[in-house]
Amino acid sequence: MKLATLALLGLSSMAQAVPVQALHPDEVRFVTANAEFTLLHEMGHLLISELQLPVLGREEDAADQLGFMGLFLLHERQRDADFYAKLLDVADYWRLEWQRQNPAAPEVREWDSHALDAQRFYNLACLAYGSDPRQLEWIIQMTGLPDERAFYCQDEYQQVEHAVNWIRQHFARKAGEPAGHRLRVEYQTPPQHLPGATELLDKVRASGELEAIAERASNTFALPRDLKLIVASCGEANAWYNRISGELTLCYERILYFRELALELPRLRQQSVAGEQPTP
Ligand SMILES: [Zn+2]
């Protein structure tokens, strides 16, 4: 069963833990994929800061690219249909955010350090398609990615892949080096009033998935100091990296929010199959 495999590599326990109602396997995959991407995007910020990676363009775009490529590294032995469906889930999260917006009061403004939700959707859809255009033409149909952009997506993907390979070569921990600094996981107890959070904590902790990802990062890169990955209740559906304290925070609320958005997925996918162009 794919979900069992996912549990070894990803954060599927985060999706399964939310008890509101039984989750459809597509919804579990959506929550898992986006929980992973959120964590890997923040790890992108962590690596940019800790390794002092040179960044051209917006750091938020670079963190999206690092997070996206992180999914490939995390699932490098598992590039099956389920994996590509996860890439679409990650792009579609931003389409859902785009569609939910009140056009009169957008949450992300033009001056923001993040790209607009619609742009993040198309950027990620382009990278997903560009990773294997011959096999993934269906991503064009599902996302409505216009030909004008799709034509260059393989080049875009290869450019990002090249950058990530360069980073891995230049900042890798040398084989045989003694264990250096580590990224360590810390769980904070969620408040009682946050429905589903306690169960979420129990399952995530029991799965050891976050520890596996932190271990992978610690073993791959020569980190300059000890860092923390904190799972906490933040009072908002958020995640961030604090470059002063060296702490990456992933909020329970963020994962629970993906659960909420997953319920809108069938409507979105119906639109895609019907060939409707995404609109807010
Ligand atoms: Zn960011």
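Which protein donors hold positions 2.0 to 2.8 Å from the zinc ion? In this predicted model, the donors are the NE2 atoms of His41 and His45, together with Glu60, which is listed twice through OE atoms. Along the chain, these donors follow the spacing H-x3-H-x14-E. Histidine 41 belongs to helix α3 (residues 25-50) and glutamate 60 to helix α4 (residues 59-74), so this pair ties together parts that lie 19 residues apart in sequence.

The geometry around the metal deserves a closer look. For four tetrahedral donors, the ideal angle at a metal is 109.5 degrees. Here, the 4 donor atoms around the zinc ion subtend angles of 51 to 143°, and the arrangement is therefore irregular. To count as tetrahedral, all angles would have to lie between 85 and 135 degrees. Two of the ligand residues can also be described by their accessibility. Histidine 41 has a relative accessible area of 5% and is buried. Glutamate 60, at 13% relative accessibility, counts as buried too, because the cut-off for this class is under 20%.

Helix α4 also holds alanine 63. This residue has 0% relative accessibility, so it counts as buried. Leaving aside residues up to four places away in sequence, alanine 63 touches His41, His45 and Ile48; His41 and His45 are among the zinc donors described above. Alanine 63 and leucine 40 are 23 residues apart in sequence, and their C-alpha atoms are 8.2 Å apart in space.

Between α3 and α4 runs a loop that contains glutamine 52. Most residues other than glycine have a negative phi. Glutamine 52, although not a glycine, has a positive phi of about 50°. With 67% relative accessibility, glutamine 52 counts as exposed, because the cut-off for that class is over 50%.

Helix α3 has a further partner to consider. Two packed helices are described by the angle between their axes and the distance between the axes. The axes of α3 and helix α12 (residues 252-262) come within 9 Å and cross at roughly 145°, and the crossing is right-handed. On the α3 side, the contact involves Glu27, Phe30, Val31, Asn34, Ala35 and Thr38, which meet Arg254, Ile255, Phe258, Arg259, Leu261 and Ala262 of α12. The residues of this contact divide into 7 nonpolar, 2 polar and 3 charged. Helix α3 thus appears in two settings: its histidine 41 is paired with glutamate 60 of α4, and its residues, including Phe30 and Val31, meet residues of α12.

Note on methods. Residues are numbered from 1 along each chain as its sequence is written. This is a predicted model: local features need pLDDT of at least 70, side-chain atom pairs count only at pLDDT 80 or more; totals for chains, interfaces and linings use all residues. Side-chain values use heavy atoms; hydrogens and water are left out. Donors are N, O and S atoms within 2.8 Å of the metal (3.2 Å for Na, K and Ca); water is not among the atoms, so sites may look incomplete. Four donors count as tetrahedral if all angles lie between 85 and 135 degrees; four count as square planar and six as octahedral if opposite donors are over 155 degrees apart and all others between 65 and 115; anything else is irregular. Helices (H or I, at least four residues) and strands (E, at least two) are DSSP runs, numbered from the N terminus. Buried means under 20% relative accessible area, exposed over 50%, partly exposed in between (1.4 Å probe, protein chains only). Axes are lines fitted to C-alpha atoms, for helices over the stretch in contact, and angles run from 0 to 180 degrees between N-to-C directions. A crossing is left-handed if the near helix is turned anticlockwise from the far one by less than a right angle, and right-handed if clockwise. Contact means heavy atoms within 4.5 Å. Ala, Val, Leu, Ile, Met, Phe, Trp, Tyr, Cys and Pro count as nonpolar, Asp, Glu, Lys and Arg as charged, and the others, Gly among them, as polar.
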